[in-house]
Amino acid sequence: MGNILLRNIKLDGLTKDISITGRLISGIAPAFTVLPQAGTEVMDCSGKTAVPGFINMHTHSPMTLLRGIGEDVSFHDWLDKIWTIEAGIDHEFIYWGSKLAALEMIKSGTTTFNDQYWSFPETLRASKEMGIRAATGYDIMDMGDPDTAAFQKEQCMERYESFKPTDESSIFTMSFHAVYSVSEEMMLWASNFAKERNLPLHIHLCETLKEVEDCKQAHGGLTPVEYLDALGILDSRVIAAHTLWLSPNDVRILGERKVNCVHNINSNLKLSSGYRFLYNELKEAGANICIGTDGPASSNNLDMLEAMKTSALVQKAWRNDPKAMPLGELFAMSTLNGAKALQLNSGSIETGKLADINIVSTDSVHFISPGSFLANLVYSAHSDCIDSVIAGGEFVMKNRKVRAEEEILEGAGNYLSRHNLTH
């Protein structure tokens with residue numbers, strides 16, 4: 001891993017030189033004041049702006065191979081169709097789906113993604129080959145079956161022991177799917193496993209009204225949030241995807257427990273799960289709020305800029321308040337807040353932080369206006385304005401070129417040509 005100097009690049013409106021040594025940002029200085037050491041890779045960044053790499057806090061990356069399957073149906077009909085297909089997938093599916101996802105995420109500026117899927121070693125292998133950071137691990141979903149539960153416990157412990165990360169290039173997470181697909185005994189087991197090892201615990205929570213109503217019927221009137229809190233599961237390590245159908249008491253609990261709530265607007269809209277995400281209420285209660293795309297079979301892409309824009313527009317619309325979800329907070333949801341949730345030294349461009357940097361080309365029609373750069377980036381531009389991406393101190397995309405892009409597309413296509421996933 002060599003050194004990099006980003007010369008004459010805009011950062012927070014000022015022109016700077018950004019030095020990268022190994023995996024870290026080692027210095028930020030006025031433009032043209034840094035003399036590069038021998039062997040340093042120097043990039044002239046005139047006409048470009050640096051922003052932190054995006055952190056996609058909830059997705060199911062292998063589902064790139066399931067796009068467009070189960071469209072125009074209700075959430076639970078969609079879930080039944082997807083689960084039927086997933087019952088027959090193999091490790092090769094997960095590898096090529098994850099690799100295709102990593103390619104898409106790199107080209108849209110994501111340097112870290114929080115994933116939830118089966119056979120995570122294949123996702124981990126794909127992400128490491130592509131050079132971006134995966135937060136991924138074992139996903140519990142026993143459907144109340146004791147034999148499945150016993151198998152998943154044993155396999156989880158084996159895979160955790162084999163993981164043994166030595167740096168911040170990957171993060172092991174514990175996860176269970178949801179209150180309706182995991183037994184109480186296994187939710188507690190997964191939570192304790194995570195607590196004992198200080199791991200993030202990634203779950204789905206209050207995604208649909210049906211989930212809430214079914215939980216209240218099954219557990220003496222308790223909502224999913226109240227139920228998990230009564231079990232002692234909710235705390236600041238929990239990453240709760242969706243958190244959409246919430247009572248005032250749910251909001252209070254999530255805030256008091258400092259839960260990381262992940263908004264997944266495009267998936268929620270397309271599956272008609274809902275749209276009234278309680279951003280203001282959760283923020284004021286004390287929750288840490290992040291953004292995710294959800295899986296590419298329901299979102300249907302992994303573009304964080306698009307997720308940011310839609311999140312803000314819908315929030316402003318349903319509240320009838322143009323001040324809702326302002327740009328600075330919106331951008332933090334996609335960078336700093338995700339880093340906080342994962343306990344990751346990233347999310348901002350500062351000396352000593354991990355070098356996760358998007359280099360945005362502003363020589364385009366979207367940035368000619370003298371207005372706010374963030375407004376032009378989020379509301380006007382598209383992800384193809386991201387010219388180059390550095391993840392963990394290494395270029396994973398330069399001048400819109402990603403290494404082995406054609407081979408990845410060919411490999412994923414060849415897999416699909418050998419497997420009919422719709423039957």
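Helix α11 (residues 304-319) packs against helix α14 (residues 373-380) at an angle of about 95°, and their axes lie 8 Å apart. The model is predicted: local features need pLDDT of at least 70, side-chain atom pairs count only at pLDDT 80 or more, and totals for chains, interfaces and linings use all residues. Residues are numbered from 1 along each chain as its sequence is written, and side-chain values use heavy atoms, with hydrogens and water left out.

**Helix packing**

- Helices (H or I, at least four residues) are DSSP runs numbered from the N terminus.
- Because angles of 65 to 115 degrees count as roughly perpendicular, α11 and α14 are described in that way.
- Axes are lines fitted to C-alpha atoms over the stretch in contact, and angles run from 0 to 180 degrees between N-to-C directions.
- Leu305, Met308, Lys309, Ala312, Leu313 and Lys316 of α11 meet Leu377, Val378 and Tyr379 of α14, where contact means heavy atoms within 4.5 Å.

**Nonpolar cores**

- The largest nonpolar core (buried Ala, Val, Leu, Ile, Met, Phe, Trp, Tyr and Cys residues joined through side-chain atoms within 4.5 Å) has 105 residues, of which Leu66, Met174 and Phe176 touch the most other members.
- Helix α2 (residues 91-107) gives the most to this core, with ten residues.
- Another core, of 16 residues, lies apart from it and includes Leu6, Ile9, Ile20 and Met43.

**Leu79**

- Leu79 belongs to helix α1 (residues 75-86).
- Leu79 counts as buried (under 20% relative accessible area, 1.4 Å probe, protein chains only) because its relative accessibility is 8%.

Technical notes. Helix = DSSP H or I, 4+ residues; strand = E, 2+ residues; numbered from the N terminus. Buried < 20%, exposed > 50% of the residue type's maximum accessible area, 1.4 Å probe, protein only. Parallel < 35°, antiparallel > 145°, perpendicular 65-115°, else oblique.
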